[in-house]
Protein chains: 2
Amino acid sequence: MKKIYEYKDALEKLIDKGQEIKILTLISKLYPDDIAELLENIEEEKKSKLFRILDVETASDVIMELNDLSRELLVEDMSSEELYEIVEDMPSDDAADFIGELSEKQAKEILSHIDREKSEDVQKLLEYPEDSAGGIMQTELISVEQHSTVAEAIDLIRSISDDVEDFHNVFATDEDKKLVGVLPLRKLILSKAETKISSIMEKSVIYATADMDQEEVANTVKKYNLIALPVVDGDMHLLGRIMVDDVIDVIQEEDSEDIFRMAGISEEEDVVYSGSTYKVCMTRLPWLVFILFGTLLSGYFLWVYESTLKELLALVTFVPVICAMSGNVGVQSSSIVVRGLATGKIDFLNLRKMVLKELVVGIVIGLICAFIGTFIGMVWHGNMVLGISIFLAMFITITFAAFTGVLIPIFFKKMRIDPAVASGALVTTSNDLIAINIYFLLASVLMKTIV
Amino acid sequence: MKKIYEYKDALEKLIDKGQEIKILTLISKLYPDDIAELLENIEEEKKSKLFRILDVETASDVIMELNDLSRELLVEDMSSEELYEIVEDMPSDDAADFIGELSEKQAKEILSHIDREKSEDVQKLLEYPEDSAGGIMQTELISVEQHSTVAEAIDLIRSISDDVEDFHNVFATDEDKKLVGVLPLRKLILSKAETKISSIMEKSVIYATADMDQEEVANTVKKYNLIALPVVDGDMHLLGRIMVDDVIDVIQEEDSEDIFRMAGISEEEDVVYSGSTYKVCMTRLPWLVFILFGTLLSGYFLWVYESTLKELLALVTFVPVICAMSGNVGVQSSSIVVRGLATGKIDFLNLRKMVLKELVVGIVIGLICAFIGTFIGMVWHGNMVLGISIFLAMFITITFAAFTGVLIPIFFKKMRIDPAVASGALVTTSNDLIAINIYFLLASVLMKTIV
């Protein structure tokens, strides 16, 4: 199989020349996820051109695989009719996710123009919290009455298979439409035409209620090795189903969220990787400012003990600050890069862009933290030399920490060592060392030259 | 659905009384994963008793869901005949994993006694690296010649479905047994009996080669939303398939590994959660000792600058050491607890046991690191008071850090706040603060009383 990034240059050239047929031939060999990856990485003005060439079915698959930023760009350029067509072709869960991101006005407009049944389904789905079973389920599924025969079930499947894209199970319900069983398609194939569904179905069905948290949904699917999990209301009425591939997305999302939170980054995967520099800084600064004040307090106690021990210098009160700040910025940067490399959010196609962005974020964060630290240092100790030392030391060490946090994991990846090893302890400790040296070196040089 | 831990007490009583039929009635309502969870958490001498009651099919499913420690315990108690029966009933990938963990002698014995075809399959699988596509695939699959008809394919499925436990796809091959297509079972159901497979199959198949890394396998399945990924050799001959549920296990394993590595824990999930205290300490100490020496170097530089600045105390040289050590131990403990809560490795059933174990690990690690730190401090500065301060401060702060690292995430979980927030920055910063205070407080008290 050819790697996706090998298609990029050829594709960009074809778009430039407007050779639609050649583009379609090239694209026809690719899966929606590959097309989405290429779309995210080609030049901005070419995105719309490429997207317009796709047929509706491909377009509606591709658009849900894009990151938020690229999707927003494309939606801005689309006419209402194009939007209707694309939404009509989406499964209900994708349609709900897609519409949920639009403005209220746009959402209403789309909901009033698309097929009525789908519109009602989507509106119901939009009422569930995004991270609940209801929020991630789709309403399209195959369900049969438990007393029908295998032949009847197959006829039913034939009649509605156009509406249900992807299914590997049939759910069985009783007269009151309550979920009572499940059976995999292979059982239908292996059973005689006149067999009753109730006699071949699995009766102890694992299910989720619509309000179940998505993390619990993921754990259930993982634990019981399921392909699809039915979702019911409080009375066991079948509402929808959650497919295993959507569960994998949930697992990735939740794991990334945990990793980011552990590293003091308070946002979702999508913001971390495709948000603007401003947004990324905003996801990282709150914890850093918290740490800054926490370690200032540590420095304050060093200062308090000075009165007991009589031998400490104001300079030392900033040692915990400088160590902790560079350490934590390094951990943030490396967590983002390590996780990005693991999930494929950072790959050959966008490596350079991602690294550059991380470095800009590092400089911005370094400047902001250095200003806060210096301001407090000046007010507290009233010493100009100390202030300049703190500012320069914090700015240099934080920026440097962000750089090493980004570059060490990438270097490890290229050397075929797990980049995760590079994050955490290694980065933190080397940053501590470097930070203390830069700080005292600066201070002693400044003291000699100024004082 | 009843929670699993609600069955525990009832089950233990029934085992005590030896009421096999009642146990089987209770167990019959449960899935293999649930039985495994109960088995892991009942008293040791009851494990074997419960396991013996299970029929072979259930037993072979259950045993692969157990953690290494519980599995080893059960295997020790089993007769050779019991082992053969259980392995015979496993799919090839589970059988290979199971046999791979046994001693060479035991493995050979089993391989020579089980069904010959299975034995050959398993031996081939054992040759692939554990973390490659070949190492996680199973050889059981359904493949048909592309020129056969739907009716012929269904006949073939009927004839071999006993050997293949779980399938949702049929793979199509050419005359040379090379993989040329794939089709989901629903296409078989929806097509007429005389239709040729080649006319309804998906021709651009996504596949893995046997030597592909399992992380790449996981990313491929995730990206293309697959239910099963075929595995081929260099000539496109079909060797096996990897099911999506095995891929989910890989994702969880790889994510845990990344999280642990970031926190300076160099081992696999299974060791972290079910290894002995000794083993767990060994997974955490290498990085801690590395950090210890790294920060000692930081302290050394503080000391060197002392000669320039004339106002630093030997005491201060240990500030980076004490802050970094308590910070990192806290991050290790909290990462283990946060990840354990997220993946279900830590739950109601084993919470108390896990917490106790973590605390013991904390004390052991605290003692070892304190000894190393004190030894270096004494040799370096030759000061007894300093030595005692370092020892007490390191032991108390590291142990305390392990305690808070364990208890804060659990407290957050109970308060329904994401425990991941509690890890990292919060734990580190509060530990810094506490560590510096304990250290200087001890030092000043000791100096007043001893000197």
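# Close-up views of a predicted model

**View 1. A loop residue, B:Asn225, with a positive phi.** B:Asn225 sits in the loop of chain B that runs between helix H15 (214-223) and strand E5 (228-232). Helices (H or I, at least four residues) and strands (E, at least two) are DSSP runs, numbered from the N terminus. The model shown here is predicted, and local features need pLDDT of at least 70, side-chain atom pairs count only at pLDDT 80 or more, while totals for chains, interfaces and linings use all residues. To find your way around, note that residues are numbered from 1 along each chain as its sequence is written, and that chains are lettered from A and ligands numbered from 1 in the order in which they are written. B:Asn225 is not a glycine, yet its phi is positive, at about 50°. Is B:Asn225 buried or exposed? B:Asn225 counts as partly exposed because 19 C-beta neighbours lie inside 10 Å. (Buried means that 20 or more other C-beta atoms lie within 10 Å of the residue's own, exposed means 12 or fewer, and partly exposed is in between; the C-beta atoms are placed from the backbone.)

**View 2. B:Met236, in the loop between E5 and E6 of chain B.** Follow chain B to the loop between E5 and strand E6 (238-243), and you will meet B:Met236. B:Met236 is another residue other than glycine with a positive phi, here near 70°. With 17 other C-beta atoms within 10 Å, B:Met236 is partly exposed.

**View 3. The hairpin of E5 and E6 in chain A.** Strand E5 (residues 228-232) of chain A pairs with E6(A) in the antiparallel sense, over five bridges. (Two strands pair if DSSP finds at least two bridges between them.) A good place to start is A:Pro230, which stands opposite A:Arg241 in E6(A). Five residues lie between the two strands of this hairpin, and A:Met236 takes a positive phi near 70° there. How many of the six residues of strand E6 (residues 238-243) of chain A are buried? Six of the six are, so this strand is largely enclosed by the rest of the structure.

**View 4. The open sheet of three strands in chain A.** The order of the strands is E1-E2-E3 (chain A), and their pairing is mixed. Strand E1 (143-145) and strand E3 (179-184) of chain A are at the edges; each has a single partner strand, so one side of each has no neighbour in the sheet. From one strand to the next, the twist averages 30°. (Axes are lines fitted to C-alpha atoms, for helices over the stretch in contact, and angles run from 0 to 180 degrees between N-to-C directions.) Five bridges join strand E2 (residues 169-173) of chain A to E3(A), in the antiparallel sense. Look there for A:Thr173, opposite A:Leu179 in E3(A).

**View 5. A parallel pair of strands in chain B.** Chain B also has an open sheet of three strands, with mixed pairing and the order E1-E2-E3. Within it, E1(B) and strand E2 (residues 169-173) of chain B run parallel and are joined by three bridges. B:Glu145 faces a partner in this pair, standing opposite B:Thr173 in E2(B).

**View 6. Two packed helices, H3 and H5 of chain B.** Packed helices are described by the angle between their axes and the distance between the axes. For helix H3 (residues 32-41) of chain B and H5(B), the angle is about 60° and the axes are 8 Å apart. H3(B) and H5(B) are therefore oblique to each other. (Angles under 35 degrees count as roughly parallel, over 145 as roughly antiparallel, 65 to 115 as roughly perpendicular and the rest as oblique.) Residues that make the contact include B:Ile35 and B:Leu39 of H3(B) and B:Asp61 and B:Val62 of H5(B). (Two residues are in contact if their C-beta atoms, placed from the backbone, lie within 7 Å.)

**View 7. B:Leu54, in the loop between H4 and H5 of chain B.** The loop that holds B:Leu54 lies between helix H4 (44-53) and H5 of chain B. B:Leu54 counts as buried because it has 20 C-beta neighbours inside 10 Å. Leaving aside residues up to four places away in sequence, B:Leu54 touches B:Ala59 and B:Val62. B:Ile27 is 27 residues from B:Leu54 in sequence, and their C-alpha atoms are 8.6 Å apart.
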